[in-house]
Amino acid sequence: MSEAKTANAITHLSFTRLKNLAHSPMKLRQYIEQKTDRTDAMIEGSLLDCLLFEPEKFDERFFVIEKPDRRTNVGKSLWQSAIDEAGSRSLITTEQMESANFLNARIRENSTVAYHGLLNPDFFQFQHDVKFFFQGFLHKGVRDAFGRDRNGNLVVWDLKRMGAKSGEKLVRSEIRNAKYDLQAAIYCHEFDEKNEPVKYYVIAVDNDGYVTPFEIGRDAREQIKIEWRKLVSAAHRCN
C-alpha cells in the first residue's frame, strides 16, 4: 500500500461512519476529514448528555451566561469577554440551560426510565466505551448507558433527540430512517454473539419534552446485520 493510500485509510468504523458510508464512500471521506466548529445543536446535545450522565462534570465543560444582544457593540463585547473567560469550556446561554434542565427533568420523570432505574448510577455505567473487531475491521462507539434494570435484565440504552417528532409511530419511523437499528446491533454485538439476552432501548425525547422509550429487539438487530456486513465489505474496498 502506498504512503498516500495508507494516510487516507479508514482506520476504524463506528455507527456514524457506517451511516455516512451507507450514503456514499465520498460522504464517509468528507465526514472523516471534516474540521468544523461545533454547532448549537451539538453543544445542546452534549449539555443534555452531561446533565443526564455526568452532572459532576458540568462546571468543567460548560460556562453559562445571559444571552447578550450581539447586534450592539456592548453585546458583542460581552459575548467576547464570555468566550475568553470560558476558555476551553462550551459557552451556553441561560435559555439553553433552561431548556436542557427541562428535558433532563422530563426524561428522569418518565415512567419507564424511573421504574427500571435506567439513570441509577448504582446499576448503570454511563458513556460506556465499546471496542471490538467485526469482519476484520475495528469498531468503536460509546453507549449512553449500560447495566441491569430492576428485574436484573441486561440493558443498553441510548438517548436520541427527535426534534418535533413524538409518539411511537413517528419515533419508529425516525429510528428506521436514521438507521438506529444498526447502532443497536453494534452496541449489543458482544452479547448477541454469545446469545446472551440483552434489551436495547432508544429513549427518544422531542423539543416539548415528550419522552418515548422504544425497544429494538434481537430480530431487528439480526436483520440489520445483513446491511452491516455489506457496509464493512465496502469499507474494505475503500481501503
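User: Why is His 128 called buried?

Analyst: Its relative accessibility is 18%. Buried means under 20% relative accessible area, exposed means over 50%, and partly exposed is the range in between, with a 1.4 Å probe and protein chains only. The value of 18% falls under that limit, so His 128 counts as buried. This is a predicted model, in which local features need pLDDT of at least 70 and side-chain atom pairs count only at pLDDT 80 or more, while totals for chains, interfaces and linings use all residues. Residues are numbered from 1 along each chain as its sequence is written, and side-chain values use heavy atoms, with hydrogens and water left out.

User: Where does His 128 lie, and what does His 128 touch?

Analyst: His 128 belongs to strand 3, residues 124–134. Helices (H or I, at least four residues) and strands (E, at least two) are DSSP runs numbered from the N terminus. Residues up to four places away in sequence being set aside, His 128 touches Gly 141, Val 142, Arg 143 and Phe 146; contact means heavy atoms within 4.5 Å.

User: What makes the phi of Gln 127 worth noting, and how do you know whether Gln 127 is buried or exposed?

Analyst: Gln 127 is a residue other than glycine, yet its phi is positive, near 55°. Gln 127 is also found in strand 3. Its relative accessibility of 26% lies between the two limits, and Gln 127 therefore counts as partly exposed.

User: Which phi does Asn 195 have, and why is Asn 195 called exposed?

Analyst: Asn 195 is not a glycine, but its phi is positive at about 55°. Asn 195 sits in the loop between helix 11 (189–192) and strand 6 (199–205). With 58% relative accessibility, a value over 50%, Asn 195 counts as exposed.

User: Why are helix 2 and helix 12 called roughly perpendicular?

Analyst: In general, two packed helices are described by the angle between their axes and the distance between the axes. Axes are lines fitted to C-alpha atoms, for helices over the stretch in contact, and angles run from 0 to 180 degrees between N-to-C directions. Angles under 35 degrees count as roughly parallel, over 145 as roughly antiparallel, 65 to 115 as roughly perpendicular and the rest as oblique. Helix 2 (residues 15–23) and helix 12 (residues 218–238) pack at about 80°, their axes 10 Å apart. The two helices are therefore roughly perpendicular to each other.

User: Which residues form the contact between helix 2 and helix 12?

Analyst: Helix 2 contributes Leu 18, Leu 21 and Ala 22, which meet Glu 227, Trp 228, Leu 231, Ala 234, Ala 235 and Cys 238 of helix 12.

User: How do you know the relative orientation of helix 10 and helix 12?

Analyst: Helix 10 (residues 180–187) packs on helix 12 at an angle of about 95°, with 8 Å between the axes. That angle makes helix 10 roughly perpendicular to helix 12. On the helix 10 side, the contact involves Asp 181, Leu 182, Ala 184, Ala 185 and Ile 186. On the helix 12 side, Ala 220, Arg 221, Ile 224, Trp 228 and Leu 231 take part.

User: Why is Arg 229 called partly exposed, and what is Arg 229 in contact with?

Analyst: Arg 229 lies in helix 12. Its relative accessible area is 37%, neither under 20% nor over 50%, so Arg 229 is partly exposed. Neighbours within four places in sequence aside, Arg 229 is in contact with Phe 134 and Gln 135. The C-alpha atoms of Arg 229 and Phe 134 are 8.7 Å apart, although 95 residues separate them along the chain.

User: What makes Thr 93 count as buried?

Analyst: Thr 93, in strand 2 (residues 90–93), has 7% relative accessibility and therefore counts as buried. Beyond residues up to four places away in sequence, Thr 93 touches Val 64, Ile 65, Lys 67 and Trp 79. Thr 93 and Val 64 are 29 residues apart in sequence and 5.4 Å apart from C-alpha to C-alpha.

User: How do you know how Asn 101 should be classed, buried or exposed?

Analyst: Asn 101, a residue of helix 7 (residues 94–109), has a relative accessible area of 36% and is therefore partly exposed. In sequence, Asn 101 and Leu 48 are 53 residues apart, and their C-alpha atoms are 7.7 Å apart in space.

User: What share of the protein chain counts as buried, and how many helices and strands are there?

Analyst: Of the 239 residues, 45% count as buried. The secondary structure comprises 12 helices and 7 strands.
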